[in-house]
Amino acid sequence: MSRPWPDFRPGPLGAIKAWWRRRVPRRAEDFTFVPPASSHQQEFETPLPSAVYGLDFQVKLTIVWRLDLATGLRHNSPRSAAIHHVLQRAKEISGKAMLVHHAALQHQLGDELATERQVPGTHVWARAEQVKVSVDDEDLEMARKHIELLRNSTFKLAERDVERAEIRYLRDEVLTDVGTATIWWLQRNGYQVEEAVKLSGHLAELVQIAQREPATHWAESLVSSVEKALPELEDRHRRDLRQHLAKALSVYGGSRVAAEFADQIGLPAGEQHTNGHV
């Protein structure tokens, strides 16, 4: 009796191939694993803090996330977890950058946020793409002024340090006695011996004046005493020392004492410590 449908049964060769496939397991490399495409994304725009408080970058980016149920973890709001995690990564980077470096920051954020990372304690993996960083023109101008103020303060502080070092050198090493002062004068004036002899009286008076104990402000005396206790202290660390002293005074003496100390020793206004905080 003929079949009312075609006969799709394999022939002898097909039957042997099917039997062989059942007998020999396939190797793992025979399979091509294609990870699931990220099925969730969200455009987001928000300010990001810069290294200067009150001056923010404006960032616009697309946050992409996927869920990995194999982790056994869960989160009730995967979207919020992904956005929060990406923004935290962005803030860690932007918080160290100046506003004038916004162009470079855009490439840095685009590079580092493109790496997909798991949100800790969740089944969410998140990254960002299409990162755009911009700044407000007024904020950018303020940032430039801030940098200029910092530069001027740094130069002025460096000049004061040089002056103080020169004063200490003259007082502690040159004008200690007439002989040392005379040799120092000869070396800087072409060894004019006769002229040095004529000036010996004036040099002696200078030695006496330099060795008198000056009536100094308590702040200068404090710094001088601490620096004498640390004779090996490098000049580049003297500023840090004064900042630590200002902070201690603000904690135990209040903002008025700290401000007087900072003003007397030449600390910039932005570096005065008040009540233990910068």
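**Exercise 1. Where is Thr 62 in the chain, and in which strand is its place?**

Before we start, a word on the model: it is predicted, local features need pLDDT of at least 70, side-chain atom pairs count only at pLDDT 80 or more, and totals for chains, interfaces and linings use all residues. Residues are numbered from 1 along each chain as its sequence is written, and side-chain values use heavy atoms, with hydrogens and water left out.

*Step 1.* Thr 62 sits in strand β2, residues 56-67. Strands (E, at least two residues) and helices (H or I, at least four) are DSSP runs numbered from the N terminus.

*Step 2.* Thr 62 has a relative accessible area of 5%. Buried means under 20% relative accessible area, exposed over 50%, and partly exposed in between, with a 1.4 Å probe and protein chains only. Thr 62 is therefore buried.

*Step 3.* Leaving aside residues up to four places away in sequence, Thr 62 touches Gln 41, Gln 42, Glu 43, Arg 127, Ala 128, Glu 129 and Gln 130. Contact here means heavy atoms within 4.5 Å.

**Exercise 2. Describe Gln 130 and Tyr 191 by phi, place and exposure.**

*Step 1.* For Gln 130, phi is near 55°, a positive value in a residue other than glycine. Tyr 191 also has a positive phi, near 55°.

*Step 2.* Gln 130 belongs to strand β4 (residues 124-134), while Tyr 191 is in the loop between α5 (178-188) and α6 (193-198).

*Step 3.* Gln 130 counts as exposed because its relative accessibility is 57%; Tyr 191, at 56%, counts as exposed too.

**Exercise 3. Find the largest nonpolar core and the elements that supply it.**

*Step 1.* Take the buried Ala, Val, Leu, Ile, Met, Phe, Trp, Tyr and Cys residues and join them through side-chain atoms within 4.5 Å; such a set is a nonpolar core.

*Step 2.* The largest one has 30 residues, of which Phe 57, Leu 61 and Leu 109 touch the most other members.

*Step 3.* At least two residues of this core come from each of β2, α2 (78-94), α3 (102-112), β4 and α4 (137-174). The largest share, seven residues, is supplied by α2.

*Step 4.* Another core, of twelve residues, lies apart from it and includes Leu 233, Leu 241, Ala 262 and Ile 265.

**Exercise 4. Work out which way α5 faces and how it meets α4.**

*Step 1.* List the buried residues of α5: Ala 181, Thr 182, Trp 185 and Leu 186. They fall within an arc of 135° seen down the helix axis, so they line one face of α5. The arc is that of the directions from the helix axis to the C-beta atoms.

*Step 2.* The face turned away from the buried side of α5 carries the exposed residues Ile 183 and Gln 187. The cover over the buried residues includes α4, α6 and α7 (200-210).

*Step 3.* The axes of α4 and α5 come within 9 Å and cross at roughly 125°. α4 is therefore oblique to α5. Axes are lines fitted to C-alpha atoms, for helices over the stretch in contact, with angles from 0 to 180 degrees between N-to-C directions. Under 35 degrees counts as roughly parallel, over 145 as roughly antiparallel, 65 to 115 as roughly perpendicular and the rest as oblique.

*Step 4.* In this contact, α4 contributes Tyr 169, Leu 170, Glu 173 and Val 174, and α5 contributes Thr 180, Ala 181, Trp 184 and Arg 188.
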